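Q: Could you take me through the sheet in this protein, step by step, and show me what is packed around it? I am in my first year, so please explain a term before you use it.

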Amino acid sequence: MNVLVAGGAGYIGAHTVKALAEEGFEVCVLDNFSTGRRDFIRGHRIVPGDLMDKADVEAVFAGNTFGAVFHFASLIQVGESTRDPARYYVQNLVSSLNLIGAAVDFGVEHVIFSSSAAVYGVPHETPIAENHPIAPANPYGRTKAVVENILADYGRAYGLKSLSLRYFNAAGADPSGEMGESHDPETHLIPNILLSVLGRVPRLEVFGTDFPTPDGTAVRDYIHVTDLARAHVEGLKALMAGYPGGAVNLGTNRGYSVLEIIRKAESVTGSVIPYFAVPRRPGDVPVLLASRDKAESELGWIPRHSDIENILETAWNWHRKNV
C-alpha cells in the first residue's frame, strides 16, 4: 500500500515513516519543512508542500493513489496556543480540513490522526480512559478535539475510516541514532534537560512547583517515540482489517514528575543538573496519565521501549552526537 505521511519529516512523523517502511509500506512524505528535517527522511519520496495551501494538497493526491493518510502536521506548543489562539485555530484547523477533505475527495479509505492527551483537560481521574470527558484546558487541545470531531462526522457522512491516537508525552530517540527530538524552539522537558547538560540551554526552567502533586511539579506519562511509531502502524493494520476506529490513548499507565525526570537524567548523564523554578505556564494541568488498556486490547499494542531509563538513554545518545 502507498501511504501519505503529512508532517513526515517531524519528530514523530519521521519515526513513523521508518516503522511503515519496515512493514513494507510505500511512503510519500508531504512537509513544508517549517519544523521538519530532510535528513530524517532517508530513501522515501518527499513532496514539499503546505497543508494550508489547498492546491498543494490536491496536487499530491491527484498524482498518486494512497490507501491511507497519516496526519502529523500541526502547531504543538500549549503555552503559545494560549498567547496566540488565533494562530492555532487557523493553522491546525484549516490544514486539517484541507488534508481530510482531499482524502475524502480522492477516495482514501483510512486516516490516522496525531491527536493528544490535551483533549482531556484537567482529568477527573487517573489513569485517563478514552471515555473520560473531553474538556481541553488550552487552545492547542481544543484544536485537537475539533479535528477528532471532524473525522467522526466525515466517517458518518462519507464513510471515512479514521483513528485518532491521543499521545501523552512523546520522548526518546531512535535506538539506531538516526533520528531524535529536534524542535526550534525546544519546549519539551527531556530534550531541554539534556541540552542544559550539553551547555546549549543556559537555564533549565521548571514551570510550576506548586501543583497538587507529591513534589509540587507536574506529572506526565512518557512514551518512547519508537513505541508511538509502532502504534501508528498497528492502528493502520487494524483499520485495514475492519477495526471501526475512533480514539485510542497511547501511554504507559506510569507517571513521572518533572523533578523525578531531572533526577533520573542526572543518573543517565552523570551530571548534576541545576534548575530554576518559574511560574506555571498557562494551560498546564497537574497530572496526565494514560490508561493503555484499549490500545492493548483492541490494537494489540504494548509499549516495549518506554521505561524511563531507556527513553533518557536513547535521547542522551542522540543529543550528544547531533547537537
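A: Let us begin with a term: two strands are said to pair if DSSP finds at least two bridges between them. In general, the strands of a sheet pair through backbone hydrogen bonds, and this pairing is either parallel or antiparallel. With that in hand, and keeping in mind that this is a predicted model, we can start from one pair of residues, since L30 stands opposite V47 in β3. The strands β2 and β3 pair in the parallel sense, and four bridges join them.

Stepping back to the whole sheet, seven strands make it up, and they follow the order β3-β2-β1-β4-β5-β6-β11 in an open arrangement with parallel pairing. At the edges stand β3, which covers residues 45-48, and β11; each has a single partner strand, so one side of each is left without a neighbour in the sheet. If direction is ignored, neighbouring strands are turned against each other by 20 degrees on average.

Helices pack on this sheet as well. Helix α4, residues 85-105, touches β1, β4 and β5, and its direction makes about 170 degrees with that of β4. Helix α5, residues 139-158, lies across β5, β6 and β11, and runs at about 160 degrees to β5.

The helix α5 also takes part in a pocket, the second largest one, which holds about 200 Å³ of space. Of the 16 residues that line this pocket, those closest to its centre are E148, L151, A152, S162 and G246. At least two lining residues come from each of α5, β6 and β11, and α5 gives the most, with seven residues.

Several strands of the sheet reach into the largest nonpolar core too, a group of 41 residues in which V3, L20 and L250 touch the most other members. Among the elements that each supply at least two residues of this core are the strands β1, β2, β4, β6 and β11, and the helices α1, α7 and α9. The greatest share comes from α7, which gives eight residues. To see one member of the core in detail, consider L250, which, leaving aside residues up to four places away in sequence, touches L165, R166, Y167, F168, I223, L228, A231, A295 and W301. Apart from this core lies another, of 23 residues, and L51, V69, A103 and V108 are among them.

Technical notes. Residues are numbered from 1 along each chain as its sequence is written. This is a predicted model: local features need pLDDT of at least 70, side-chain atom pairs count only at pLDDT 80 or more; totals for chains, interfaces and linings use all residues. Side-chain values use heavy atoms; hydrogens and water are left out. A nonpolar core is a set of buried Ala, Val, Leu, Ile, Met, Phe, Trp, Tyr and Cys residues joined through side-chain atoms within 4.5 Å. Buried means under 20% relative accessible area, exposed over 50%, partly exposed in between (1.4 Å probe, protein chains only). Contact means heavy atoms within 4.5 Å. Axes are lines fitted to C-alpha atoms, for helices over the stretch in contact, and angles run from 0 to 180 degrees between N-to-C directions. On a 1 Å grid over the protein atoms alone, a cavity is a set of points where a 1.4 Å probe fits but cannot get out, and a pocket is an open set with protein on both sides within 12 Å along at least five of seven lines; lining residues have an atom within 4 Å of a point. Grid points are joined across faces, edges and corners, and a volume is the space filled by probe spheres set on the points.
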